[in-house]
Amino acid sequence: MFQDAARAAGLAPVRVVPWREVLRGRAEFRPEEWVRLDSPGEEPEVDRMLRDVDDPARVEGTARWYERFVTAAREVSTAVAAAGAVPLDDPVDLAVFFDKRLCHGVLRTAGVPVPDSPTSGSGAPVVRGWDDVRALAAGAGLRRMFVKPAHGSSASGVLAVETAGGGRVHATTSVERDARGRLFNSLRVRRYTTEREVADLVDALAPDGLHIERWLPKASQQGRATDLRVVVTAGRATHVVVRTSRHPMTNLHLGGARGDLAAARAAVEAAGGDWSGALDVCERTARCFPGSLRVGVDLLPVRGWRRFAVGEANAFGDLLPGLTGLPGSGAEGRDTYAAQVAAVRERWAARSPTPHDRNRPRPKDQRRVRPHERGTTHDRAVV
């Protein structure tokens, strides 16, 4: 889809640099290329190189994945700078995006509304297992919480935990265990109903790092829990998709479905809420990551549609096929990829740098690249 967007804009074909070549130290870049990183997921060989697991459906290994991915992103950034190319992603931002504890702390410090969490920020306590979860939750007054792998994505390993009197503990999750105790992602969401079962899952997940946050009561649409994925492109909220589900995780691959955006906006306005203010929350989130061209924000409407909180900020949250831009966003009629191509061209085509400019160091938010017009031979590189 990004290739299609570049082609439609009259640009030369995108040059793809496979992640496996990056991880083997073989990636090369060229002067004046725009270099955009994309997700290293969905490729078993790359997953093995990042996590050392024998099956892509396995949950474990996310701490190893994080260390290797962040290192690779830094190496790409160094190679891009040495080649005189232009990065569209910042490895510092990526290191925060993919650590939920760090990301939560950055957003909270910036005044972005987020769910309460006892594991927020770089100084958060280490969660060694279920006993720590129980103690931290009790100290923070949490009876309903999400327990998330610190470096997970796509709801992998996430547990929606409910506690009640008499020691009752339930958890809803897509995680399943095999007879050997290994954890796997499943497309079927299931419910564990004893504390021992929940404790075993948490203890197995804890070595990779865990983040805990309050489970906010979400607003609903047609009786289904509802949240919003908002893509912010070059600082502006350009695309919104409503996600609904019969269980706490609204991810589309777990049975979630797209909801009605017009109905969601009408519900906000009918409740006396501020739709533009909700989008502003997402733009404030993106401002915490100034080196990133696009940010996918999971915006949680609290029950009643008057208040919002940010559940996640995602580096690679723009895969929304068929979705075009919001009215007034500047991305009308464009999908998320076409909006990014247009934003890059607008940002760096303001002027053509002189040779002196190109050789002079600049802060990352002031770098310029000569515009790539129709018919040139310059490529854009996507890792």
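Start with the whole surface: the protein chain exposes about 17200 Å², and carbon and sulfur atoms supply 49% of that area (Shrake-Rupley method, 1.4 Å probe; for residues, only the protein chains shown count as cover). What you have open is a predicted model, where local features need pLDDT of at least 70, side-chain atom pairs count only at pLDDT 80 or more, and totals for chains, interfaces and linings use all residues. Residues are numbered from 1 along each chain as its sequence is written, and side-chain values use heavy atoms, with hydrogens and water left out.

Now switch to a cartoon view. You should find 12 helices and 15 strands (DSSP runs numbered from the N terminus: H or I of at least four residues for helices, E of at least two for strands). The radius of gyration is 21 Å, close to the 21 Å that the globule rule gives for 383 residues, so the chain is as compact as a globular protein of that length (taken over C-alpha atoms; the rule is 2.2 Å times the number of residues to the power 0.38). Along the principal axes, the C-alpha atoms fill a box of roughly 70 × 50 × 35 Å.

Next, colour by burial. Buried residues make up 53% of the 383 (buried is under 20% relative accessible area, exposed over 50%, partly exposed in between; 1.4 Å probe, protein chains only).

Select Phe69, Leu94, Phe98, Val230, Phe289 and Leu299: these have the most contacts inside the largest nonpolar core, which has 54 residues (a core is a set of buried Ala, Val, Leu, Ile, Met, Phe, Trp, Tyr and Cys residues joined through side-chain atoms within 4.5 Å). Helix H4 (residues 62–83) gives the most to this core, with 9 residues. Zoom in on Phe69: beyond its neighbours within four places in sequence, its contacts are Trp19, Pro40, Leu50, Leu94, Phe98 and Phe316 (contact means heavy atoms within 4.5 Å). Then look for a second, separate core of 24 residues, including Leu142, Leu159, Tyr192 and Ile212.

Which loop holds Arg58? Go to the one between helix H3 (44–51) and H4. Arg58 is buried, at 13% relative accessible area. Setting aside neighbours within four places in sequence, Arg58 is in contact with Arg51, Val53, Arg182, Leu183, Phe184 and Asn185. Add Val175 to the selection: Arg58 and Val175 are 117 residues apart in sequence and 9.3 Å apart in space, C-alpha to C-alpha.

Finish at Gln340 in helix H11 (residues 336–348). Gln340 counts as buried, with 1% relative accessibility. Outside its neighbours within four places in sequence, Gln340 touches Arg36, Thr233, Leu293, Arg294 and Asp318.
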